[in-house]
Amino acid sequence: MTDSRSVPARGLSTRCIHAGEKMDAEGAVHMPLYNHSTFGFASTEALLDVVEGRREGNLYTRYGMNPTIRTVESKLADVEGGAAALVFSSGMAAEAATFLAHCKAGDHIVCIGDVYGGTFELLGDNLPNLGIETTFILGSEAHRLNEVMRPNTRIVFFETPTNPSMEVIDISAVAEAAHGAGVLVVVDNTFASPVNQSPLEQGADLVIHSVTKYLGGHSDLTGGVVIGPEALVQSIWPSRKNLGQMMAPEVAFLLARSLRTLVVRVRQQNATAQAVAEFLQGHSKILQVNYPGLGNFPGHAVAKRQMTGFGGMVSFVYDGDAGATAAVVDRLKLFTIAASLGGAESLVTQPITTTHHGLDPAERARRGIVDGMVRLSCGLEDAADLIGDLEQALR
Ligand code: PLP
């Protein structure tokens, strides 16, 4: 294998295509799929060179020592602006490995704002069994970070924009407070994608994605990634290896394919979501529209500073109870009722039925995740068709 395309600093679209790619002996235009679980050596000495780190080489796929895996990791690190990346079998696997690698029994995490329901469960139900406790604060309470951090706090974790309320958390302000106390800042950048937001540039220490969403982009793969400086990322590697959380090479190959079109997909989704949010804002049956690109949205000013686009996700509150809201959702024809987001096809969900179904109803209410809330993932259909679909469903 020769690295025929080491790429100097270039624009994001160019990096999405060329970063990490190596031409193999057959001259394929991008890294082929090496589905192999293991790799052979000419001698014991050659094997030991790889095992003992004197030479980068392929060894065993669960370790990540596989050319297809390495390619997608290099590409992801470059695109997110980090030195290193580790891919995982899911976004939840990436989160779990990060928490387990950087916290031990007796440690403490602070989680700011709304997060994906599975993340609530991991932090609130699973990690306490291992002696790792989490304090949850609302996004509007982020300024209280110094009060809630403890001497044993290791990580401040948040999404921005948040799921499903689209709340915008100020990354650099949180990073300043957390770093003052020697605490790591981990940002889930799934909703924004690297096209719209670069948390590492704004002070985050590690970035996590559910690549199942925008990075995969076609609703046909499940995976996760953690990206950041070499030492912080590499300290997560033993957790991934020993907990067996590796991404399959077929998935890594599909993911690299998807990353080549990331920028064009996300920019169109940004434009469509803006148009959809503006339509919803003017509708008499809608009580509230949550989209960082709306000038009157509370997070707009921070979003304008820390994002270069406002993303493809919109949520709104319908003027009706759970049943009436479900009826609107059921009348949609182009938005498919489904959990997940970020694909080419538009999706719709009532968070109380999917992503936040498991959350205590009182806690949901406290967070404004009301029965009438609907979350839209704007896909790549024509914006006018999506707006027409919403118009008929709301009629
Ligand atoms: N983070 C966010 C923002 C999500 O929406 C999700 C899943 O919906 C996850 C993490 C978990 O990702 P995965 O389903 O790939 O495990």
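The lining of the second largest pocket divides into six nonpolar, twelve polar and five charged residues, and this pocket is a good place to begin reading the structure, which is a predicted model.

**The second largest pocket and the ligand**

About 310 Å³ of space lies in the second largest pocket. It is lined by 23 residues, and those closest to its centre are M92, Y116, N163, S210 and K213. Two elements, helix α4 and strand β6 (206-210), each give two or more residues to this lining.

What takes up the space of this pocket? The second largest pocket is the space taken by the ligand. Around the ligand there are 13 residues, of which M92, D188, S210, T212 and K213 come nearest. M92, S210 and K213 therefore appear in two lists, since they are among the residues nearest the ligand and also among those closest to the centre of the pocket, where a lining residue is one with an atom within 4 Å of a grid point. By class, the shell around the ligand consists of two nonpolar, seven polar and four charged residues. Helix α4, which spans residues 91-102, gives the most to this shell, contributing three residues.

Three residues place an N or O atom beside an oxygen atom of the ligand, and the table sets out the distance for each one.

| Residue | Part of the residue | Distance to a ligand oxygen atom |
|---|---|---|
| G91 | backbone N or O atom | 2.9 Å |
| T212 | side-chain N or O atom | 2.6 Å |
| K213 | polar side-chain atom | 2.8 Å |

On its own the ligand has 390 Å² of accessible area, and the protein covers 91% of that area.

**The largest pocket**

The largest pocket holds about 760 Å³ of space. Its lining is made up of 31 residues, and E56, G57, G64, M65 and R70 are the ones that lie nearest its centre. Several elements give two or more residues to this lining, namely α2 (44-51), α3 (67-80), β1 (84-88), α9 (230-234) and α10 (237-243). Which of these elements gives the largest share of the lining? Helix α3 does, with six residues. When the residues that line the largest pocket are sorted by class, 16 are nonpolar, eight are polar and seven are charged.

**The loop between β4 and α7**

The last part of this report turns to the backbone of a single loop. P161 is found in the loop between β4 (153-159) and α7 (171-180), and the peptide bond that joins T160 to P161 is cis, with an omega of about -10°. P164 lies in the loop between β4 and α7 as well, and the peptide bond leading from N163 to P164 is also cis, with omega near 10°. N163 has already been named in this report, being one of the residues closest to the centre of the second largest pocket. M166 is a further member of the loop between β4 and α7, and its phi is near 65°, which is a positive value in a residue other than glycine.

Key. Residues numbered from 1 in each chain as written. Predicted model: local features only at pLDDT ≥ 70, side-chain atom pairs only at ≥ 80, totals over all residues. Heavy atoms only, no water. Near = heavy atom within 4 Å. Polar contact = N/O pair within 3.5 Å; in protein donor to acceptor, adjacent residues only side chain to side chain. Areas by Shrake-Rupley, 256 points an atom, 1.4 Å probe, with all protein chains shown as cover. 1 Å grid on protein atoms, 1.4 Å probe; cavity = no way out; pocket = protein on both sides within 12 Å on 5 of 7 lines; lining within 4 Å. Sits in = over half its atoms within 2 Å of the grid points. Helix = DSSP H or I, 4+ residues; strand = E, 2+ residues; numbered from the N terminus. Nonpolar A, V, L, I, M, F, W, Y, C, P; charged D, E, K, R; others polar. Points joined across faces, edges and corners; volume = space filled by probe spheres on them.
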